[in-house]
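Reader: I'd like to go through this model and ask how each label was earned. Could you show me the structure before we start?

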Amino acid sequence: MKIAFFDTKDYDIPAFKKYGQENKIEFRFFETRLTAETASLARGCYGVCVFVNDTLNAEVIDILKELGVKIIALRCAGYNNVDVKYAYDKIHIVRVPAYSPYAVAEHAAALLLTSVRRVHKAYNRTREFNFSLSGLTGFDLHGKTMGVVGTGKIGRIFIDICKGFGMNIIAYDKFPAENSGINYVSLPELFRESDIISFHCPLTEETFHLINSESVKTLKRGVILINTSRGAIIDSAALIEGIKGRRIGAACLDVYEEESDIFFNDFSGHIVDDDTLARLISLPNVIVTSHQAFLTSEALENIAETTVNNLLEFKKDGFSQNELCYRCGNVETCIRNRKEKCF
Ligand code: NAI
């Protein structure tokens, strides 16, 4: 089985090579992203393996189908970059629904502690032998209110971490988990009451720009926003205005709405054209990491193992438990409930 592997990074290769060789799958690693222009690299391949910034719109899906590609294997959980509806009845899509929710939740906590205790500033200072504490005053997390938006796998682990800090936790989820003991409130209440808000919901039409110029006005003054979910949950322009107006006290961003042409690449010797990102990075109370929350060795192993299992299962049975299908609109659960091919 040959699989065209797009947007390859050096850290992807070892685990995929290992699981591929063990299961007679040949991964063809391409550095380029999957787009309409690069899709022809998948010629002769059974499937493509893609990540968060590869393009899987109608045009690309048509090209892949034309090339005889049978399966799109997402090596991530989120699938907002895939036109799942359009793919129905054309090409199958599998994903890795969970690889290490701990990795993402722990990164959110790392960003929070860095921001609150000014670790990023202290690190730079002591490297220059500047041992002044001036401007490094933080605050205790203990007793503060954490608002968690999205209480799925990652959100719940993050809630447990925050409980360890002795925080008061409130949450909003479109589909609240029953008997979870989670203190659910409405989104407006969460915005009003939270000292810190962390986003762990998927990017959908409903969650697009959840933080916008109107909702910013409803946030508690000085709130810290953490986004390890998807960039477009926060309108970056509204975020900058909120910070300039002192409504937002700090932002911890692992994702950014225009990240696709920037993140995962080294621009240290270049001038980055994105003025919004440049402005955000210039602010002392904004911390940006480049979509690295998932990046632990445990997660990379799990991603490769699950992707290979998805491919083997699909080859054998014609469907996979981790398949995304639009047949009945229940994209994530359709096949798991039906336990048979949707098309
Ligand atoms: P999950 O599917 O287990 O949980 C998502 C939760 O969001 C569910 O409880 C769902 O009911 C809720 N939800 C759906 N629509 C909502 C809405 N409109 N408002 C509020 N809540 C809503 O997903 P998981 O594994 O916890 O991942 C969450 C997100 O984290 C992913 O969608 C992905 O975007 C992001 N992610 C980021 C990574 C990174 O490296 N930065 C890595 C992995 C995931």
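**Sheets, a crossover and some holes**

Author: Sure. Take Lys2: its bridge partner in E2 is Glu26. Keep in mind that this is a predicted model.

Reader: What makes E1 and E2 a pair?

Author: A pair needs at least two bridges found by DSSP. E1 and E2 are joined by four and run parallel, so they count as paired.

Reader: And how do you know that E1 and E3 pair?

Author: By the same kind of test. Strand E1 (residues 2-5) and strand E3 (residues 47-50) share three bridges, in the parallel sense. One contact to look at is Ala4, whose bridge partner in E3 is Val48.

Reader: Which strands are the edge strands of the sheet with the order E2-E1-E3-E4-E5-E12?

Author: That open sheet has six strands and mixed pairing. Its edge strands are E2 (26-29) and E12 (323-324), each of which pairs on one side only. Helix H11 (residues 297-317) packs on this sheet and touches E1, E2, E3, E4 (71-74), E5 (92-94) and E12. The direction of H11 makes about 160 degrees with that of E4.

Reader: What is the handedness of the β-α-β unit made by E1, H1 and E2?

Author: Right-handed, with H1 covering residues 13-22. The label applies because, with the strands pointing away from the viewer, the path from the first strand over the helix to the second runs clockwise.

Reader: Why do E7 and E11 stand at the edges of their sheet?

Author: That sheet is open too, with six strands in the order E7-E6-E8-E9-E10-E11 and parallel pairing. E7 (168-172) and E11 (286-288) each have a single partner strand, so one side of each is left without a neighbour in the sheet. On average, neighbouring strands there are turned by 15 degrees against each other, direction ignored.

Reader: How many bridges join E9 to E10?

Author: Five, between E9 (residues 223-227) and E10 (residues 248-253), and the two run parallel. Ile224 stands opposite Ala250 in E10.

Reader: On to the holes. What is the volume of the largest cavity, and why is it called a cavity?

Author: About 60 Å³. The word is used because a 1.4 Å probe fits there but cannot get out. A search of the whole structure with a threshold of 30 Å³ or more finds three cavities.

Reader: What makes up the lining of the largest cavity, by class?

Author: Seven nonpolar residues, two charged and no polar ones. Among them are Tyr11, Asp12, Phe51, Arg75 and Phe294. Tyr counts as nonpolar, while Asp and Arg count as charged, so Asp12 and Arg75 are the charged pair in this lining. H1 and H11 each supply at least two residues of the lining.

Reader: And which residues lie nearest the centre of the second largest pocket?

Author: Val52, Asn53, Asn80, Glu257 and Ser260, out of 19 lining residues. The lining has four nonpolar, eight polar and seven charged residues, and the volume is about 330 Å³. It is called a pocket because its set of points is open.

Key. Residues numbered from 1 in each chain as written. Predicted model: local features only at pLDDT ≥ 70, side-chain atom pairs only at ≥ 80, totals over all residues. Heavy atoms only, no water. 1 Å grid on protein atoms, 1.4 Å probe; cavity = no way out; pocket = protein on both sides within 12 Å on 5 of 7 lines; lining within 4 Å. Points joined across faces, edges and corners; volume = space filled by probe spheres on them. Contact = heavy atoms within 4.5 Å. Axes fitted to C-alpha atoms, helices over the stretch in contact; angles between N-to-C directions.
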